Amino acid sequence: MNQAQRAAEEFRARIGEPTGVWSAPGRVNLIGEHTDYNDGYVLPFAIPHRIAVAAAPRTDGLLSVATLGDDGKLNQADPVPVAALTPGLLSGWPAYPSGVAWSLRENGIPVTGATLLIAGDVPAGAGLSSSHALECATALALLDLAGHPAVPAPAASDPHTAATTSAAVPTSDAASPAAAPAPGTASPAAVPSPGTASPAPVPAPGTASPAASGAAPDQPGSAGTIAPDLPTLARWIQRAENDFVGAPTGLLDQTASLRCVEGHALFLDVRSGETEQVPFNAAAHGLEILVIDTRASHSHTDGGYAARRAGCEQAAELLGIPALRDVSLDGLAAAEAALPENLRPLLRHIVTENARVLATVDHLRAGDLAAIGPILTASHASMRDDYRISCLELDVAVDSALNAGALGARMTGGGFGGSAIALVPVELGERVRAEVTAAFAERKLTPPRLFSGVPAAGAGRDK
């Protein structure tokens with residue numbers, strides 16, 4: 001029984017027939033960490049683990065939310081009037097679906113009340129975006145119940161005919177890769193907004209669409225918008241996360257959950273909103289992405305994430321630029337010299353990480369998946385040494401995987417805990433799993449949870 005079926009069955013048994021069931025996936029970010037709120041590049045893919053929301057409308061103006069635990073017990077939050085929702089009113093898990101209802105209401109969607117029952121298997125606190133999967137599934141449910149479903153943007157031209165100038169960069173030194181195109185020289189053409197209904201057929205790779213219709217790609221949807229496209233909806237969800245929940249996240253997670261396509265990684269230019277679905281089938285190349293959930297829980301509402309973002313914004317202000325994405329590799333040394341010592345490592349990570357995303361995309365386009373291994377490892381070194389968001393469990397996961405024969409490994413997600421990923425030859429899979437598990441045991445750490453990360457479909461309506 002999948003999570004959508006589980007949510008529907010429980011709703012039916014406890015409440016009545018749901019109007020529908022919507023679900024959204026967690027995600028693995030292949031590369032491009034903390035670049036999203038710096039207007040840079042990211043490369044996530046959705047995973048098969050999903051959060052499902054069975055829902056029905058209410059006429060009393062209340063939002064009633066419950067979650068179904070792994071033990072089959074229902075955790076019911078106190079119903080709240082939608083009209084009374086305001087930032088700071090709620091905390092904990094109910095804040096996430098309630099924040100979405102608030103954001104939709106603030107953007108002109110007539111949310112008159114709803115009963116939501118949530119079931120899922122995206123590990124919480126694992127850096128795999130369980131909160132955004134919940135928010136995306138909730139948003140699609142509430143939009144449909146209100147009669148204003150999210151819509152994809154219209155088709156445009158084939159992105160594979162568009163010129164790109166990104167080139168591979170050396171990865172032997174994460175802090176100072178050799179000459180490469182400045183971040184921003186790559187211009188992937190826009191592709192459609194897939195994932196509006198995960199069970200339904202998705203557009204063929206190579207079809208395309210503008211990043212947004214209606215609201216500009218760098219603006220939230222305006223009040224009164226009644227048919228948000230997926231880029232606009234991602235920004236509404238970001239507003240819920242930032243302003244209602246209090247987590248200063250960027251656009252990576254919402255966009256991945258809403259727009260990823262099975263068998264592909266989503267290449268997103270956050271500033272322009274342009275995307276490209278890049279084929280990513282590791283198994284066809286004799287490889288797998290091993291996800292290592294360290295079980296060291298993390299949270300975006302903790303101060304470390306906010307401090308990094310504030311530091312990046314301060315650095316951009318001191319440099320007189322809109323965002324750190326605007327510093328090129330060639331201009332990195334001069335920009336570092338203009339900043340105080342404490343901000344230089346943040347700048348260094350963002351500039352080199354953007355270049356690593358472009359290099360990774362080039363290798364994936366060329367079908368050379370093994371070549372991304374050293375790039376992943378260089379990314380981890382940059383996050384550990386420059387951005388300083390790693391921890392013992394993440395470093396043990398990465399180092400033990402590499403020692404066992406992984407081609408590359410890095411932490412994924414916001415950091416300070418959560419998960420790591422490793423690019424592993426299939427024939428070494430069991431060995432890598434065994435050595436990672438043994439390394440955790442040797443240090444008396446909680447045993448990690450290991451699974452293969454396979455690119456899955458984005459959010460949609462299941463029933």
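A crossing of two helices is called left-handed if the near helix is turned anticlockwise from the far one by less than a right angle, and right-handed if it is turned clockwise. In the structure above, which is a predicted model, helix H3 passes helix H5 in a right-handed crossing. The axes of H3 (residues 130-145) and H5 (residues 252-259) come within 9 Å and cross at roughly 55 degrees. That angle makes H3 oblique to H5. On the H3 side the contact is made by His132, Ala133, Cys136 and Leu140, and on the H5 side by Asp253, Gln254, Ser257 and Leu258.

Leu258 appears again when one turns to the nonpolar interior. The largest nonpolar core has 76 residues, and those that touch the most other members are Leu30, Leu43, Leu104, Leu233 and Leu258. Helix H3 gives the most to this core, with nine residues. A second, separate core has 40 residues and includes Val327, Ala439, Phe440 and Leu445. Returning to Leu43, and leaving out residues up to four places away in sequence, one finds that this residue touches Asn29, Leu30, Ile31, Ala265, Leu266, Phe267, Val357, Thr360, Val361 and Leu364.

Helix H9 offers a simple check on helix geometry. At 1.5 Å a residue, the 13 residues of H9 (residues 373-385) should span 18 Å, and because its end C-alpha atoms are 19 Å apart, the expectation and the model agree. The buried residues of H9 are Gly373, Ile375, Leu376, Ala378, Ser379, His380, Ala381, Ser382 and Met383. These buried residues pack against strand S1 (20-31), helix H8 (344-365), helix H10 (392-403), strand S10 (408-412) and strand S11 (418-425).

Two valines can be set side by side. Val432 is found in helix H11 (residues 429-442), whereas Val82 is found in the loop between strand S5 (80-81) and helix H2 (95-106). Val432 counts as buried because its relative accessibility is 0%, under the limit of 20%, and Val82 is likewise buried, with a relative accessible area of 2%. The table lists, for each valine, a residue 28 places away in sequence and the distance between the C-alpha atoms.

| Residue | Partner | Separation in sequence | C-alpha distance |
|---|---|---|---|
| Val432 | Ala404 | 28 residues | 5.1 Å |
| Val82 | Pro110 | 28 residues | 9.9 Å |

Leaving aside neighbours within four places in sequence, Val432 is in contact with Leu290, Ala401, Ala404, Ala406 and Val424. With residues up to four places away again not counted, Val82 touches Gly61, Leu62, Leu63, Arg105, Val111 and Gly113.

Key
Residues are numbered from 1 along each chain as its sequence is written. This is a predicted model: local features need pLDDT of at least 70, side-chain atom pairs count only at pLDDT 80 or more; totals for chains, interfaces and linings use all residues. Side-chain values use heavy atoms; hydrogens and water are left out. Helices (H or I, at least four residues) and strands (E, at least two) are DSSP runs, numbered from the N terminus. The expected span of a helix is 1.5 Å times one less than its number of residues. Buried means under 20% relative accessible area, exposed over 50%, partly exposed in between (1.4 Å probe, protein chains only). Contact means heavy atoms within 4.5 Å. A nonpolar core is a set of buried Ala, Val, Leu, Ile, Met, Phe, Trp, Tyr and Cys residues joined through side-chain atoms within 4.5 Å. Axes are lines fitted to C-alpha atoms, for helices over the stretch in contact, and angles run from 0 to 180 degrees between N-to-C directions. Angles under 35 degrees count as roughly parallel, over 145 as roughly antiparallel, 65 to 115 as roughly perpendicular and the rest as oblique.
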